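Ready for a few exercises? Have a go at each task on your own, then follow the solution step by step.

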Amino acid sequence: MSVDTLGQLEVRNSYAALPPVFYSRLEPRPLTAPRLLHANEQAAALIGLSAAALRSDEFLRVFSGQQPLPGGQTLAAVYSGHQFGVWAGQLGDGRAHLLGEVAGPRGSWELQLKGSGMTPYSRMGDGRAVLRSSVREYLASEAMHGLGIPTTRALALVVSDDPVMRETVETAAIVTRMSPSFVRFGSFEHWSSRRQPEELRILADYVIDKFYPDCRQADDGPHEPLLRLLAEVTRRTALLMADWQAVGFCHGVMNTDNMSILGLTLDYGPYGFMDTFRLDHICNHSDTEGRYAWNRQPSVALWNLYRLGGSLHALVPDVEALRAVLDTYEATFTRAFHERMAAKLGVRDWRADDEPLVDDLLRLMHDNRADFTLVFRRLADAVRGRPQGFQDLFIDRAAALAWFERLAARHAQEGEASGPEARARAMDAVNPLYVLRNHLAEQAIQAAKAGDAGEIDILLDLLRDPYTERPGREAYAALPPDWAGGIEVSCSS
């Protein structure tokens, strides 16, 4: 049952109930003359908020930072982390304010404003987010949800004419993010690095009791719940990396402070869904050394998990036990990635000798600069007996056809009990036609600058069901225009 006012929500503040050293209490800096550019009815339903509530003056006041969430306790959290592989020390919510936690019909969700002003953790920042990056984050979280990939969600996008200086003068915006928790690997690193095991224990107990209660068993010693916590975070992170790789998603800034303790995709900054496939594709213009390239994401995730494991070492002195947990990552990731790739290729049961088939396709795509999304989508048409569209994506059409004939032979080994059309439909169900390409996000940004949320509406409609072809929306599934190659995304937002 939905409610029409924010005051009717069941608000909790479990993170605010932690000791005060975990955060700073402060109010946001509101936007001047704010305007609601877009509100997400599907995300609102998660907390039981009606569509009518999204149009209220109260909604705009709360999510532009003008007044607190009724019943909430606004705060900015402290954490630390490694950035681009280098210890950065204390970080924290430099431009984010956690308003409170809402118990909804589908779980509890923390509501956080991003771009809502300076905090004690802003360092050299101004506490603001610009319209450009806010539109991208708003769309990205919903796109990932549509793909079935664990992610934070987005509730509202509020804009203003307040100027914000980046490379040029831009305008300010606040995006409201939703997550069961915003605790990060860096939240644990913070207390470990400061040699404060009591605070580290408090944080670990909070995370286990609230999100991983199965980690506790009646006859446990002091270390087993922590090892089980690390094991579950390792498992979820490995599955998340398999998901990212399978859709050609690059996060762009996989610092430890951007890694969710719940295995969610967190902090959408300079991300990108690949157009032209490159094994070493770098989506972040600021990543000059390619640390977070597409083919390095799985190994970087493991590196980050080792930083988390190292933080827990302050509570778990058994290094070998911690290492044994982390050693499960590779097998979990590999198995999950193979399962996803088998489904994308229409192979029912992965075999060890399928690996060269996948590797050779990726190398062929890399050498021919083929479009990642369309290669897999058009494979289904090739299975239906129409390989031309698949071949058209490759400069070396003969090599593409030769590879497809190998796949067809692999399919033949499994038999066609239900026919090629059924196999092709199964492939279409896991290979998206619509992804949030940079040029599509850019079109939405340019429209938003003119106060038009129409492109956001169109994209959300497509991205919430990215596997179903929609007549009249061919342009959203086409190869990117030439000008798209000039789009650069960076850490400047």
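Let's warm up with one pair of side chains. In this predicted model, the side chains of Arg177 and Gln112 are joined by a polar contact of 2.6 Å.

**Exercise 1. Place Arg177 and work out whether Arg177 is buried or exposed.**

Step 1: Look for the element. Arg177 sits in strand 11, which covers residues 169–179.

Step 2: Check the accessibility. Arg177 has a relative accessibility of 3%, and buried means under 20%, so Arg177 counts as buried.

Step 3: See who is around. Setting aside neighbours within four places in sequence, the contacts of Arg177 include Glu110, Lys114, Arg184 and Asp267.

Step 4: Compare with the record. The UniProt annotation "binding site", from an unreviewed entry, covers Arg177, and among the other residues it covers are Lys114, Arg184 and Asp267. Of the annotated residues, Arg184 is included in the lining of the largest cavity.

**Exercise 2. Find what Arg184 and Asp257 touch.**

Step 1: Start with Arg184. You'll find Arg184 in the loop between strand 11 and helix 5 (185–193). With a relative accessible area of 1%, Arg184 is buried.

Step 2: List some contacts. Not counting residues up to four places away in sequence, Arg184 touches Tyr79, Arg177, Asp257 and Asp267, among others.

Step 3: Move to Asp257. The UniProt annotation "active site", again from an unreviewed entry, covers Asp257. Asp257 lies in the loop between strand 12 (249–250) and strand 13 (272–273), and is buried at 7% relative accessible area.

Step 4: Check from the other side. Leaving out neighbours within four places in sequence, the contacts of Asp257 include Tyr79, His82, Arg184, Gly186 and Asp267.

**Exercise 3. Explain why helix 5 is largely enclosed by the rest of the structure.**

Step 1: Pick out the buried residues. They are Phe185, Gly186, Ser187, Phe188, Glu189, His190 and Trp191.

Step 2: Draw the conclusion. Seven of the nine residues of helix 5 are buried, so the helix is largely enclosed by the rest of the structure.

Step 3: Name what does the covering. Strand 5 (80–83), strand 6 (86–90), helix 6 (197–211), helix 7 (224–247) and helix 8 (297–312) are among the elements over those buried residues.

Step 4: Look just past the end. Arg195 follows helix 5 and has a positive phi, near 55°.

**Exercise 4. Compare the settings of three salt bridges.**

Step 1: Recall the idea. Side chains of opposite charge can pair when their charged atoms come close. The count for this model comes to 33 salt bridges.

Step 2: Take Asp220 and Arg228, whose side chains meet in a salt bridge at 2.8 Å, N to O. Asp220 is partly exposed at 22% relative accessibility, and Arg228 is partly exposed at 24%.

Step 3: Go on to Arg235 and Glu232, which form a salt bridge at 2.6 Å, N to O. Both lie in helix 7, three residues apart, about one turn of the helix. Arg235 is partly exposed, at 37%.

Step 4: Finish with Arg437 and Asp371, whose closest N and O atoms are 2.8 Å apart in a salt bridge. This pair links distant parts of the chain, 66 residues apart: Arg437 is in the loop between helix 15 (420–428) and helix 16 (438–449), and Asp371 is in the loop between helix 11 (355–368) and helix 12 (372–383). Arg437 is buried at 1% relative accessibility, and Asp371 is buried at 4%.

Methods. Residues are numbered from 1 along each chain as its sequence is written. This is a predicted model: local features need pLDDT of at least 70, side-chain atom pairs count only at pLDDT 80 or more; totals for chains, interfaces and linings use all residues. Side-chain values use heavy atoms; hydrogens and water are left out. UniProt positions are given in the numbering used here, feature names are shortened, and annotations may be inferred rather than shown by experiment. On a 1 Å grid over the protein atoms alone, a cavity is a set of points where a 1.4 Å probe fits but cannot get out, and a pocket is an open set with protein on both sides within 12 Å along at least five of seven lines; lining residues have an atom within 4 Å of a point. Helices (H or I, at least four residues) and strands (E, at least two) are DSSP runs, numbered from the N terminus. Buried means under 20% relative accessible area, exposed over 50%, partly exposed in between (1.4 Å probe, protein chains only). Contact means heavy atoms within 4.5 Å. A polar contact is a pair of N or O atoms within 3.5 Å; within protein, one must be able to donate a hydrogen and the other to accept it, and residues adjacent in sequence count only if both atoms are side-chain atoms. A salt bridge is a side-chain nitrogen of Lys or Arg within 4 Å of a carboxyl oxygen of Asp or Glu.
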